[in-house]
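Below is a colleague's note, set out as numbered points to be read beside the coordinates.

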Amino acid sequence: MNKGELVDAIADKASVTKKQADAVLTAALETIIEAVSSGDKVTLVGFGSFEPRERKAREGRNPKTGDKMDIPATKVPAFSAGKLFREKVSPGKD
């Protein structure tokens, strides 16, 4: 499902226009991106959490030449699925 298909599904479920659904989805995504990039954790109960994570500096290899190279420490965005989301995707056996 791409963003356009998601907007269509939201518009149908919420009984709003596609333009309104697109505006709300875009605003929500921008807000999550801004919060995580500023170091905050965003938790949507039942869905999951978005947070920044630190990656330590490490040594890697250039796959083309095999030369060693230093990879600097960095921050990366991370998503952890919530319990309800995980259970919906992979229901437990009864």
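**Notes on the predicted model**

1. In this predicted model, helix α2, which spans residues 18-37, supplies the largest share of the lining of the largest pocket, namely 5 residues. The residues that line this pocket are L25, A28, L29, I32, I33, L44, F47 and F50, and when they are sorted by class the count is 8 nonpolar, with no polar and no charged residues. The space in the largest pocket comes to about 220 Å³.

2. Turning to the strands, β1 (residues 42-44) and β2 (residues 48-55) run antiparallel and are joined by 3 bridges. Within this pairing T43 has S49 of β2 as its bridge partner. The hairpin that these two strands form has 3 residues between the strands, and in it G46 takes a positive phi near 90 degrees.

3. Strand β2 is also joined to strand β5 (residues 74-81), again in the antiparallel sense, and here the number of bridges is 8. One of the positions that can be used to check the register is G48, whose bridge partner in β5 is A81.

4. Where does S49 sit, and is S49 buried or exposed? The residue belongs to strand β2, and it counts as buried because its relative accessible area is 12%, which falls under the 20% cut-off. Besides the bridge between T43 and S49, the side chains of these two residues make a polar contact at 3.4 Å. If residues up to four places away in sequence are left out, S49 touches K41, V42 and T43, and also A78, F79 and S80; of these, V42 and T43 fall within the residue range of β1, while A78, F79 and S80 fall within that of β5.

5. E51 is another residue of strand β2, and its side chain makes a polar contact with the side chain of R53 at a distance of 3.1 Å. As a general point, side chains in a regular strand alternate between the two faces of the sheet. Leaving aside neighbours within four places in sequence, E51 is in contact with V36, D40, K41, V76, P77, A78 and S80. For one of these residues, D40, the C-alpha separation from E51 is 6.5 Å, with the two positions 11 residues apart along the chain.

6. A further antiparallel pair is made by strand β3 (residues 58-61) and strand β4 (residues 68-71), which are matched over 4 bridges. In this pair R61 has K68 of β4 as its bridge partner. The hairpin of β3 and β4 has 6 residues between the strands, and G66 takes a positive phi near 85 degrees there.

7. Which backbone angle deserves a second look at S15? The phi of S15 is positive, at about 55 degrees, although this residue is not a glycine. S15 is located in the loop between α1 (3-14) and α2, and it counts as exposed because its relative accessibility is 68%, which is over the 50% cut-off.

8. K19 lies in helix α2, the helix that also gives 5 residues to the lining of the largest pocket, although K19 itself is not listed among the lining residues. With a relative accessible area of 71%, K19 is therefore classed as exposed. The C-alpha atoms of K19 and V7 are 8.4 Å from each other, while along the chain these residues are 12 residues apart.

9. Towards the other end of the sequence, L84 is part of helix α3, which covers residues 83-89. This leucine counts as exposed because its relative accessible area is 57%. Measuring by C-alpha positions in the model, L84 and S15 are 24 Å apart in space, with their places 69 residues apart in sequence.

Conventions. Residues numbered from 1 in each chain as written. Predicted model: local features only at pLDDT ≥ 70, side-chain atom pairs only at ≥ 80, totals over all residues. Heavy atoms only, no water. Pairing = 2+ DSSP bridges. 1 Å grid on protein atoms, 1.4 Å probe; cavity = no way out; pocket = protein on both sides within 12 Å on 5 of 7 lines; lining within 4 Å. Points joined across faces, edges and corners; volume = space filled by probe spheres on them. Nonpolar A, V, L, I, M, F, W, Y, C, P; charged D, E, K, R; others polar. Buried < 20%, exposed > 50% of the residue type's maximum accessible area, 1.4 Å probe, protein only. Polar contact = N/O pair within 3.5 Å; in protein donor to acceptor, adjacent residues only side chain to side chain. Contact = heavy atoms within 4.5 Å.
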